[in-house]
Amino acid sequence: MKTKFSASLRLLLHDLNIRTEQPVLPDGSRSFVCPALYTPANVMNQEELYVGMLSEILPVANTHPEIIFLCIRDLYQDTEETANNPGNLVILLTNIRLPDLFNRLNRIFRQLWEWDEAMSISAASNQGLQHLLDLSEPVIGNHIDIMDATFKLLAYTRNIPLSDDPITVSLIEHGYHTEKTIQDLTRMKRFEEYEKEHGIIISDDYALCDYVTLKRVFHLGGAPALYIVMHCNHREADESLPDLFQMLLAHVSDYLNRDFAYPASFAASQQYIRDLLDGNIKSVDEAISRASYATIPFQKEYRLYLIAFDDDFNVPLDNLASAILRELPFSYVVTYYRRIVILHNCERKNTNTEPITDTLRRILNNYPCTAGISNPFQNLWDARPALEQAGCAIEYGVHDRKAQENETSESVSFYDFEQSFLTLIITKSFNSSPDLFRNCFLLEAINRLQEYDKKHNTGFFNTLKAYLQCGRRATAAGELLHMHRNTVIYHIERIEQILDVSLNDMDVCLKLHLGIRVFESAMAEILCS
């Protein structure tokens, strides 16, 4: 974090816009926290830029080589003044009065300080990258774009258009760099430059743009994470401009380091997946184009795991996501609305989820949660429907865990979409039209059977469940229940009498099977409430 404001000498001289006598000036990168009017009583501080009359400063300049003096000539060059003047003097070619010069320099300092302070407040209050650029427009004056690692446009100077640059126009229109632009960047070997360079990059070859550009690539985990590009379409690219650009970059860096302290939370793939799940990627073409630069295969078999924690506000989500990523190197892990999403890259022939669930149980054992598992899908464009499938599985799982809470001590429970599919059909249909289900057969029949069991101390509900589960085979049901086949047949006949149905009717069997699933998952509480 930047602790205090300072401005470089070359930036201050640029904004003063006054020519100097010396062809060679002191180190222009020297920065100062404020200007100070020179008097003999000054206690010299090298962090201050001293302003005064040349006649007063010449006698002391040699004795304070660490101090930079900004001077106005008030005497003709004489024999005491030689070409070997101290190297810490900047003599201005101007007739401006000293008080006016000092006030003018103060105004420049104040403008830069106020801008810097506003950016500090913006970053501290999490107002976003766009707000930083909105604050910077009147100070820098050039067009600036900020992109994430997938070349998605995050922010740009909205009031400084760059209509004569096709690449920038396309970027703003689409919200990301197109495949053609990526190919151009590859052809010009820009990516090699972005991978290696950690400072400001100045491009003045005009190969891709008619303007000089200043670029800064922020890296996380050794890979590019954020791109900031300034086109010098108004303010020229002199030696002071990188210093001005750096003032903005310092706060972009603060924003980056604070909000994305864990590299796993801001890798290109994570940002890309969030955009997919949020619906911010509008077309398959955009999804394919950005996937390759997010280092995630677009066309692959995936399965999505969604983890919802019982106490989601007291869980170290980022730490858990990082731990999962370390243990599942072929997965992509993101924190998403107080949940964790895992995109697991699975082999086409291996549909077994047990190794994954075993690993997750071990990592999440101290954090009670419900995990939903989607069906496999073949490309990333289907990630959003897969998220909905996993969410439906969690919806079922929450009720199932409630029903089983006295029978299991598992703190991490997994439910796949297919397992919950039939039950969810009923509950979602009920949510769309509740009155239709108030007296439906599948609920009334199971409720009647359970009441009969309770009143007569019978186990007809369990017999019916086993019978349907075994495909209406009495022998198999008897083995499952440790009951003689004839007893099973007798129980089925009694169930048919109690419910006034025939279990030879497949529609009746399907409804009863659904009713059993609903009651066992505790979703009957919703339907019957």
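## A walk through the strands, helices and salt bridges

Let's start with a pair of residues facing each other across two strands: Ala 308 stands opposite Thr 370 in S15. What you're looking at is a predicted model, so take every value here as computed from that model.

**Strand S12 and its partners**

Ala 308 falls within strand S12, which covers residues 299–309. How many of the 11 residues of S12 are buried? Nine of them are, so the strand is mostly covered. S12 also has several pairings to trace. With strand S15 (residues 369–373), S12 runs antiparallel and is joined by five bridges. Strand S14 (residues 339–345) pairs with S12 in the antiparallel sense too, over six bridges, and there Tyr 302 stands opposite Asn 345. Then there's strand S16 (residues 377–379), which is antiparallel to S12 and shares two bridges with it. In that pairing, Gln 299 has Asn 379 as its bridge partner.

**The four-stranded open sheet**

Now move to the earlier part of the chain. Four strands make up an open sheet here, lined up in the order S3-S4-S5-S6, with parallel pairing. Which strands stand at the edges? They are S3 (34–37) and S6 (89–92); each has a single partner strand, so one side of each is left without a neighbour in the sheet. Going from one strand to the next, the twist averages 25°.

S3 and S4 (residues 48–53) run parallel and are joined by four bridges. If you want to find that pairing by eye, look for Cys 34, whose bridge partner in S4 is Glu 48, and for Pro 35, whose partner is Leu 49. S4 itself is well hidden: six of its six residues are buried, so the strand is largely enclosed by the rest of the structure.

On to the next pairing: S4 and S5 are parallel as well, over four bridges, and Gly 52 stands opposite Cys 71 in S5. To get from S4 to S5, the chain passes through helix H2 (residues 54–61), and this β-α-β crossover is right-handed.

**Salt bridges**

The structure holds 13 salt bridges. In general, side chains of opposite charge can pair when their charged atoms come close. Here are three of the pairs:

| Pair | Closest N to O distance |
|---|---|
| Glu 21 and Arg 73 | 2.8 Å |
| Asp 275 and Lys 152 | 2.9 Å |
| Arg 290 and Asp 275 | 2.8 Å |

Take the pair of Glu 21 and Arg 73, joined by a salt bridge. Glu 21 sits in the loop between H1 and strand S2 (31–32), while Arg 73 is in the loop between S5 and S6, so to speak a link between distant parts of the chain, 52 residues apart. Are these two buried or partly exposed? Glu 21 counts as partly exposed because its relative accessibility is 31%, and Arg 73 is partly exposed with a relative accessible area of 23%.

Next comes Asp 275, which forms a salt bridge with Lys 152. Asp 275 lies in helix H10 (residues 268–278), and Lys 152 lies in the loop between strand S7 (143–148) and strand S8 (153–156), so the pair ties together parts that are 123 residues apart in sequence. Both of these residues are buried; for Asp 275 the relative accessible area is 2%.

Asp 275 also has a salt bridge with Arg 290. That pair again links distant parts of the chain, with Arg 290 in helix H11 and Asp 275 in helix H10, 15 residues apart. Arg 290 counts as buried, at 1% relative accessibility. Put together, Lys 152, Asp 275, Glu 286 and Arg 290 are linked in a network of salt bridges.

Helix H11 spans residues 284–293, and its buried residues include Glu 286 and Arg 290, along with Ala 287, Ser 289 and Ala 291. Just past H11 is Thr 295, with a positive phi near 55°.

**A closer look at Thr 213**

One last stop is Thr 213, in strand S10 (residues 213–220). Buried or exposed? Thr 213 counts as buried because its relative accessibility is 6%, under the 20% cut-off. Its side chain and that of Lys 215 are joined by a polar contact of 3.0 Å. Leaving aside residues up to four places away in sequence, Thr 213 touches Ile 201, Ile 202, Ser 203, Val 229, Met 230 and His 231.

Conventions. Residues are numbered from 1 along each chain as its sequence is written. This is a predicted model: local features need pLDDT of at least 70, side-chain atom pairs count only at pLDDT 80 or more; totals for chains, interfaces and linings use all residues. Side-chain values use heavy atoms; hydrogens and water are left out. Buried means under 20% relative accessible area, exposed over 50%, partly exposed in between (1.4 Å probe, protein chains only). A polar contact is a pair of N or O atoms within 3.5 Å; within protein, one must be able to donate a hydrogen and the other to accept it, and residues adjacent in sequence count only if both atoms are side-chain atoms. Contact means heavy atoms within 4.5 Å. Two strands pair if DSSP finds at least two bridges between them. Axes are lines fitted to C-alpha atoms, for helices over the stretch in contact, and angles run from 0 to 180 degrees between N-to-C directions. A salt bridge is a side-chain nitrogen of Lys or Arg within 4 Å of a carboxyl oxygen of Asp or Glu. A crossover is right-handed if, with the strands pointing away from the viewer, the path from the first strand over the helix to the second runs clockwise.
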